[in-house]
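These are my notebook entries on one structure. I looked up its overall form, its domains, its cores, the ligand shell and two glycine positions.

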Amino acid sequence: MALAIATLAAWLPLASAQSFTETAEQHQARLAAWREARFGLFIHWGIYAIPGRGEWVQWNEQIPVEEYAKLADQFKPANFDANAWVAAAKAAGMKYMVLTTRHHDGFALFDDPGSDFTSVKTAAHRDFVADYVKAARAGGMLVGLYYSPLDWRFPGFFFPDLYLKNAEAMRDQYHRQMRELLTNYGKVDILFFDGGENNWLQFGGRWVSGARWEKRPAGQSYQGHFSWQTDKVYAMLREFQPGVVINGRADMPEDFHSREGDRALGDFDAEHPWELCTTLAAGAWGWKEGAAIKTLRDSVQLLVKTVGRDGNFILNVGPRPDGQIDPPQVQRLKEIGDWLAKNGASVYGTRGGPFLPGVYGVSTYRGQKIFVHVLDWKSASKLLLPTIPAKVVRASLLAGGEAMVSQTERGIEIAVPASNQNDTDTIVVLELDQPASRIKPVAPVAN
Ligand code: GLC
């Protein structure tokens, strides 16, 4: 009898997360379009754009929920044009987009029959997610949605056990809004979760006796009675959007890992798909008046360094309260796109390697071609790369011009005259006698 119950219990949860199975090949195929796209636009936009001090303004300045909510009455973005966003992404050479459908402040840019705190039921009277999805799809972009399960308006997020019912209401909202997003907007290619992990509950802390709050030690997750019931969310998203790729910030099996911020660039990893997300403007993801923006060189080099580590790169803009992306940012995006128009062959559809990143720069490959991205010549005109078990049959510079390449038992020696070196990225194309994918990643030699 005990055995029978155990067997039954083992069967029941199968209706959820575990019921989605795929082979390694199916998994690769599901990720292929996202991976080949390589470069995307992240958009953080909501009522926090009005104060213009970033998307964390409510928390950072401890603005009372009711007072913050009044921003929704002023949110009537006169210059919102989803097609302009898509045009900016296209001009940047981006192939996918991700929009914050709802950030931690709880304000939804889409219709939710169960909540009044949405752009549809407040001053704008508009479903911005619908406009965005339509424009992105029409523009040939992969469509991504960002969603934050946590919501600062719910005391239950901070004290899930003390306010258990309230935390459960937050969970109901999460499941309900997910259903809306998964069923009302056609095909969704990417879901970017943020703040949906067990670890984030109680804001990553715990309350200890004496009413003292302390940061939960690393590796220790929240142990209370509340559960996000993410297995239900996962079952739902696989049911309605079987092809969607998701990141790992909501305790569901991740398709790709999020690395956040310039400093999180990290190591080469061709095993687990990952994406570096970072901002074009310094200091915040949402609109911040007067924030400095990355130079063209830094933007391009970060893109290249990411792709050379076998990651995707998603660059964020925070449109102004009127809906427009600030013109200097649009301009920078266009400059990045101009660079990609000439050099995109070394980025799109490539994989990182086989030469691992080093002081010289990085490498990417596609088919029988290796693209060596030399980001730093160290004032020399020569670069020595390690030996590879393949023959270089042709060598050239992607931008045109001379590259002398000789393959000896020491390795591959590349010489490019200073006049052909490019301060941002000198891309040397090595054509092999076989597919570059056959070559195992190889560490650079000291030059
Ligand atoms: C961080 C920020 C958040 C932003 C996210 C994007 O978690 O706190 O505001 O949305 O990064 O990855």
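**Entry 1: a loop glycine.** I take helices (H or I, at least four residues) and strands (E, at least two) as DSSP runs, numbered from the N terminus. I also note that this is a predicted model. With those elements in hand, I placed Gly52 in the loop between strand E1 (39–43) and helix H3 (57–60). Is Gly52 buried, exposed or partly exposed? I find 17 other C-beta atoms within 10 Å of Gly52. A residue is buried from 20 such atoms upward and exposed at 12 or fewer, so Gly52 counts as partly exposed. Setting aside neighbours within four places in sequence, I list Trp287, Lys288 and Glu289 as the contacts of Gly52. I also checked Gly52 against Pro321, which lies 269 residues away along the chain; their C-alpha atoms are 7.8 Å apart.

**Entry 2: a second loop glycine.** I located Gly106 in the loop between strand E2 (96–102) and H7. Here I count 24 other C-beta atoms within 10 Å, so Gly106 is buried. Which residues does Gly106 contact, leaving aside its neighbours within four places in sequence? I find Phe117, Asp151, Trp152 and Arg153. For Gly106 and Met236, 130 residues apart in sequence, I read a C-alpha to C-alpha separation of 21 Å.

**Entry 3: the chain as a whole.** I counted twelve helices and 18 strands in the secondary structure. The radius of gyration is 24 Å, and the globule rule gives 22 Å for 447 residues; the two values are close, so I record the chain as being as compact as a globular protein of that length. I read the span of the C-alpha trace along its principal axes as about 70 × 65 × 50 Å. Buried residues account for 43% of the 447 residues. Taking contacts between residues at least 6 apart in sequence, I find that 72% join residues at least 24 apart.

**Entry 4: nonpolar cores.** The largest nonpolar core holds 95 residues. Among the residues with the most contacts inside this core I note Leu41, Ile43, Met97 and Leu191. Which helix gives the largest share of this core? Helix H7 (residues 128–138) does, with six residues. For Leu191 I list contacts with Leu145, Tyr147, Leu237, Val244 and Ile246, not counting residues up to four places away in sequence. Apart from the largest core I found another, of 17 residues, which includes Ile370, Val372, Leu385 and Val428.

**Entry 5: domains.** The domain assignment gives domain 1 (17–346) and domain 2 (351–438). I read 36 Å between their C-alpha centres. Their contact takes 15 residues from domain 1 and 17 residues from domain 2. On the side of domain 1 that touches domain 2, the elements giving two or more residues are helix H11 (296–308) and helix H12 (327–343). H11 provides the largest share of that side, seven residues. By class, I divide the residues on that side of domain 1 into six nonpolar, four polar and five charged.

**Entry 6: the ligand.** Which residues surround the ligand? I list His44, Glu55, Trp56, Asp194, Glu260, Cys277 and Trp285. Sorted by class, this shell comprises three nonpolar, one polar and three charged residues.

Definitions and conventions: Residues are numbered from 1 along each chain as its sequence is written. This is a predicted model: local features need pLDDT of at least 70, side-chain atom pairs count only at pLDDT 80 or more; totals for chains, interfaces and linings use all residues. A residue is near a molecule or strand if its C-beta atom, placed from the backbone, lies within 6 Å of it. Ala, Val, Leu, Ile, Met, Phe, Trp, Tyr, Cys and Pro count as nonpolar, Asp, Glu, Lys and Arg as charged, and the others, Gly among them, as polar. Domain bounds come from an automatic or database domain assignment. Two residues are in contact if their C-beta atoms, placed from the backbone, lie within 7 Å. A nonpolar core is a set of buried Ala, Val, Leu, Ile, Met, Phe, Trp, Tyr and Cys residues joined through C-beta atoms within 7 Å. The radius of gyration is taken over C-alpha atoms; the globule rule is 2.2 Å times the number of residues to the power 0.38.
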